[in-house]
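Q: Please take me through the backbone pairing in this model, up close. I'd also like to know which side chains sit against it and how that part fits with the rest.

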Amino acid sequence: MSKVFTLAEVAKHDSAKDCWLVIDGKVYDVTKFLEDHPGGDEVLLSAVGKDATDDFEDVGHSSSAKAMMDEFYVGDIDTSTVPTKTEYTPPKQPHYNQDKTSEFIIKLLQFLVPLVILGVAVGIRYYTKSSA
């Protein structure tokens with residue numbers, strides 16, 4: 001029977017001299033593998049203290065790399081200690097008709113009033129020029 005660790009216990013092993021990772025619900029002590037990791041030790045050290053499953057899967061490791069994991073296995077993770085991922089849902093906002101808001105009326109007036117003034121000025125200029 002394998003040992004069960006909490007995420008807090010695994011997170012304590014977060015240095016280059018003692019590095020544990022959680023991948024697919026299993027705990028791995030990858031300290032001896034840090035120097036040999038093709039992506040460098042920084043990649044592994046950045047994944048400690050959390051569930052690194054997504055990070056591991058995103059890279060697309062080979063089947064031989066996955067087979068190597070067995071030699072670093074130390075136990076399982078207590079899944080109740082791993083935070084669940086929550087999907088972001090934006091807050092519901094009331095739907096409103098933009099044409100009926102006072103902001104729309106103000107913006108419309110800011111556009112129309114100068115046009116009306118310009119039209120009146122052009123009209124006055126036209127009529128005063130033609131009568132002179």
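A: Here is a walk along the sheet, followed by a quick look at its surroundings.

First, a caution: this is a predicted model, so local features need pLDDT of at least 70 and side-chain atom pairs count only at pLDDT 80 or more, while totals for chains, interfaces and linings use all residues. Numbering starts from 1 along each chain as its sequence is written, and side-chain values use heavy atoms, with hydrogens and water left out.

The protein has 5 helices and 5 strands (DSSP runs numbered from the N terminus: helices are H or I, at least four residues; strands are E, at least two). Reading from the N terminus, the order is β-α-β-β-β-α-α-α-β-α. The 5 strands make an open sheet, and going across it you meet β1-β5-β4-β3-β2, with mixed pairing. At the edges are β1 (4-5) and β2 (14-15), each of which pairs on one side only. Pairing here takes at least two DSSP bridges between two strands. As background, strands of a sheet pair through backbone hydrogen bonds, either parallel or antiparallel.

Start at the β1 edge. Strand β1 runs parallel to β5 (residues 73-77), and 2 bridges hold the pair together. If you want one to click on, V4 has D76 of β5 as its bridge partner.

On to the next pair: β5 and β4 run antiparallel and are joined by 3 bridges. Here V27 is matched with G75 in β5. V27 is a handy landmark, as it is also the bridge partner of V22. That second match belongs to the pairing of β3 (residues 18-23) with β4 (residues 26-29), an antiparallel pair with 4 bridges.

What links β3 to β4? They form a hairpin with 2 residues between them. One turn residue, D24, has a positive phi of about 55°.

Now for a side chain that meets this hairpin. T53 lies in helix α3 (residues 53-59), and it touches V22, I23 and D24, leaving aside residues up to four places away in sequence. A contact means heavy atoms within 4.5 Å. T53 counts as buried, because its relative accessibility is 12% (buried is under 20% relative accessible area, exposed over 50%, partly exposed in between; 1.4 Å probe, protein chains only).

Helix α3 (residues 53-59) also brings us to D55, which forms a salt bridge with K50, with the closest N and O atoms 3.0 Å apart. The cut-off for a salt bridge is a side-chain nitrogen of Lys or Arg within 4 Å of a carboxyl oxygen of Asp or Glu. A search of the whole structure turns up 1 salt bridge. D55 is partly exposed at 35% relative accessibility, and K50 is partly exposed too, with a relative accessible area of 36%.

How does this fit with the rest? Of contacts between residues at least 6 apart in sequence, 67% join residues at least 24 apart. As for burial, 21% of the 132 residues count as buried. Further along the chain, V113 sits in helix α5 (residues 102-131) and is partly exposed, with a relative accessible area of 41%. Within that helix, the span 108-127 is 100% helix and 0% strand, with its end C-alpha atoms 28 Å apart.
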